[in-house]
Amino acid sequence: EDGDAEAVGVASPAVDNTLPDAGHVRRLRAVEALKRYEGSVFPRYFGMLHRNVLPTLMAMPPDVMVHFLWTRVFDIVDSAVRCEWDDAFAAGMARTSAQHREVVASRNAKLARSQSAASPVASTSPAASPIVVQQHPMPNGAAAANDDDDDDDVNASHVPEKRRLQVQEDVLDVVAPVLANAMRFLLTEDTIVKAFGVVERIAALCGDEARTDVLLPVTISIVQSSKAAITPVVRAAALRALAAICSSIRKLPPSESFLFEDYILPAVVAASKVPAGKSMMIAHALADTVPVVLGAALHMLELRQGFGHRSRLDYDAQRDYVVNRCWDLLKPLMTNHTSSSSVIITVLRHTRALLPCLGIELVSDGFVSMLTQLLGSTVVEVKRAMYSAILEVALFLRHGIANASSMITL
């Protein structure tokens, strides 16, 4: 009967699935697995996140959660780092103490043997009584010197930093989905701006999957949204968060190799075309964002050549497409008579990073002519930024032409 009940999927409530005679072992839930293997399979800060951090965050209203993360997100990271370091320090102290006890026992044994080999007269002398070496704590330097495996020594200077960065990435990978989910229900402009401020802070510190799969979609949805409720302040904050995400992406899987051309660049173009995109606040954000997106897109284009799959276009055509789309966004910011001097200065501040991306031809034909239009400016700050940009252009063209000439000679 039990077999028939099991065949139709009906389990008897009296059967304990954890017993060996039940025929199978019940699969542990995530909470049970974490509790059972915490400290061995899972780091102890996982338990701290599950018991203390996540329940507290999930119990907060979205706006309150964003304000909390705005001020305390790195306190959460520090708590996890301390939790992990306490475990590592305790393990290291236990190992050091065991090594010290072995050294002390060896010394005492040698002293006892030397005393037993001495004369009977000498052995009765108080000065010849066996000497017991006291077990004083070893200094950190001595512990490191006695440890043959530098990688396992918790006192080595490089281990804590490596561990801290890993713990920091793990914690922010857990916090990022909670933040992204809360951002969908925010009500006030100030809270949304603070949420993107948190995204901007953690973008460079979390993992690539959290950046591209969690933070990027919620940011793109605001950047390209045409809803009237999306104010210029919010869209500008989203654009700056997008720049922080793009500049932090280190690698992409082959399936997402066209992320910039198909997803990010069209969103930035859409942000420049919505009615709110005509404001100076959006212009400032675009001036800061477009050069960063251009550099990241070209970097991913270079990496994509090593993926070994056929591209939809050849490399030169793909590069021209990316550069021209970004140049079409930057040129109006420099030549439009309604652009403020601060927007022009913001673009010129990125000159050194822009020139290699634009290439010799576009710099000679487009960027230089754009700079000549600024010669008549009466704003001192604009002229100072323009002269600095001219110097960068001269150095770039000098090295670029020299490299091109050497390639032609070869």
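This is a short talk on how the helices of one predicted model pack together, with a few residues picked out along the way.

Hi everyone, and thanks for coming. Please keep in mind throughout that we are looking at a predicted model.

Let me start with the whole chain. The protein chain contains 16 helices and zero strands. It has 410 residues, and 39% of them are buried. If we take the contacts with a separation of 6 or more, 70% of them join residues 24 or more positions apart.

Now to the interior. Which residues have the most contacts inside the largest nonpolar core? They are Phe260, Ile264, Leu348 and Phe367, and the core they belong to has 105 residues. Helix α12, residues 280-304, gives the largest share of this core, with 13 residues.

Let's stay with Phe260 for a moment. Setting aside residues up to four places away in sequence, Phe260 touches Cys246, Ile249, Leu252, Leu265, Pro266, Val293, Ala296, Ala297 and Met300.

One of those partners, Pro266, deserves its own look. Pro266 sits in helix α11, which covers residues 259-273. Is Pro266 buried, exposed or partly exposed? Its relative accessible area is 29%, so Pro266 counts as partly exposed, given that buried means under 20% and exposed means over 50%. Beyond its neighbours within four places in sequence, Pro266 is in contact with Phe260, Glu261 and Arg325. There is also a longer link along the chain: the C-alpha atoms of Pro266 and Gln224 are 8.2 Å apart, with their positions 42 residues apart in sequence.

On to helix pairs, and I'll begin with α12, our core contributor, and its partner α13. The axes of α12 and α13 come within 9 Å of each other and cross at roughly 175°. An angle over 145 degrees counts as roughly antiparallel, and therefore α12 and α13 are roughly antiparallel to each other. The contact has a long list of residues. From α12 it includes Ala283, Leu286, Ala287, Val290, Pro291 and Leu294, and from α13 it includes Val322, Val323, Cys326, Leu329, Leu330 and Leu333. Glu302 and Arg304 of α12 also take part, as does Arg319 of α13. By class, the contact of α12 with α13 has 16 nonpolar, one polar and three charged residues.

Next, follow α13 to its other partner here, α14. Helix α13 spans residues 315-335 and helix α14 spans residues 341-349; they pack at an angle of about 135°, with their axes 8 Å apart. That angle makes α13 oblique to α14. The crossing of α13 and α14 is left-handed. On the α13 side we find Leu330, Leu333 and Met334, and they meet Val343, Ile344, Val347 and Leu348 of α14. In class terms, this contact of α13 with α14 is made of seven nonpolar residues, with no polar and no charged ones. You may recognise Leu348 from the list of residues with the most contacts inside the core.

The last pair is α8 and α9. Helix α8, residues 189-202, and helix α9, residues 208-223, pack at an angle of about 140°, and their axes are 12 Å apart. These two helices are therefore oblique to each other, and their crossing is left-handed. Phe196, Val199 and Ile202 of α8 make the contact with Leu215, Val218, Thr219 and Ile222 of α9. That contact of α8 with α9 has six nonpolar, one polar and no charged residues.

While we are in α8, have a look at Ala195, which lies in this helix. Ala195 has a relative accessible area of 0%, so it is buried. What does Ala195 touch, leaving aside its neighbours within four places in sequence? The answer is Val66, Leu179, Met183 and Leu186. For Ala195 and Val66, the C-alpha atoms are separated by 5.8 Å, although the two residues are 129 residues apart along the chain.

Finally, a stop outside the helices. Leu375 is in the loop between α15 (351-372) and α16 (380-409). Leu375 is partly exposed, with a relative accessible area of 46%. Not counting residues up to four places away in sequence, Leu375 touches Lys383 and Met386. The C-alpha atoms of Leu375 and Met386 are 8.1 Å apart, and the two residues are 11 residues apart along the chain.

That's the tour, and I'm happy to take questions.

Methods:
Residues are numbered from 1 along each chain as its sequence is written. This is a predicted model: local features need pLDDT of at least 70, side-chain atom pairs count only at pLDDT 80 or more; totals for chains, interfaces and linings use all residues. Side-chain values use heavy atoms; hydrogens and water are left out. Axes are lines fitted to C-alpha atoms, for helices over the stretch in contact, and angles run from 0 to 180 degrees between N-to-C directions. Helices (H or I, at least four residues) and strands (E, at least two) are DSSP runs, numbered from the N terminus. Angles under 35 degrees count as roughly parallel, over 145 as roughly antiparallel, 65 to 115 as roughly perpendicular and the rest as oblique. A crossing is left-handed if the near helix is turned anticlockwise from the far one by less than a right angle, and right-handed if clockwise. Contact means heavy atoms within 4.5 Å. Ala, Val, Leu, Ile, Met, Phe, Trp, Tyr, Cys and Pro count as nonpolar, Asp, Glu, Lys and Arg as charged, and the others, Gly among them, as polar. A nonpolar core is a set of buried Ala, Val, Leu, Ile, Met, Phe, Trp, Tyr and Cys residues joined through side-chain atoms within 4.5 Å. Buried means under 20% relative accessible area, exposed over 50%, partly exposed in between (1.4 Å probe, protein chains only).
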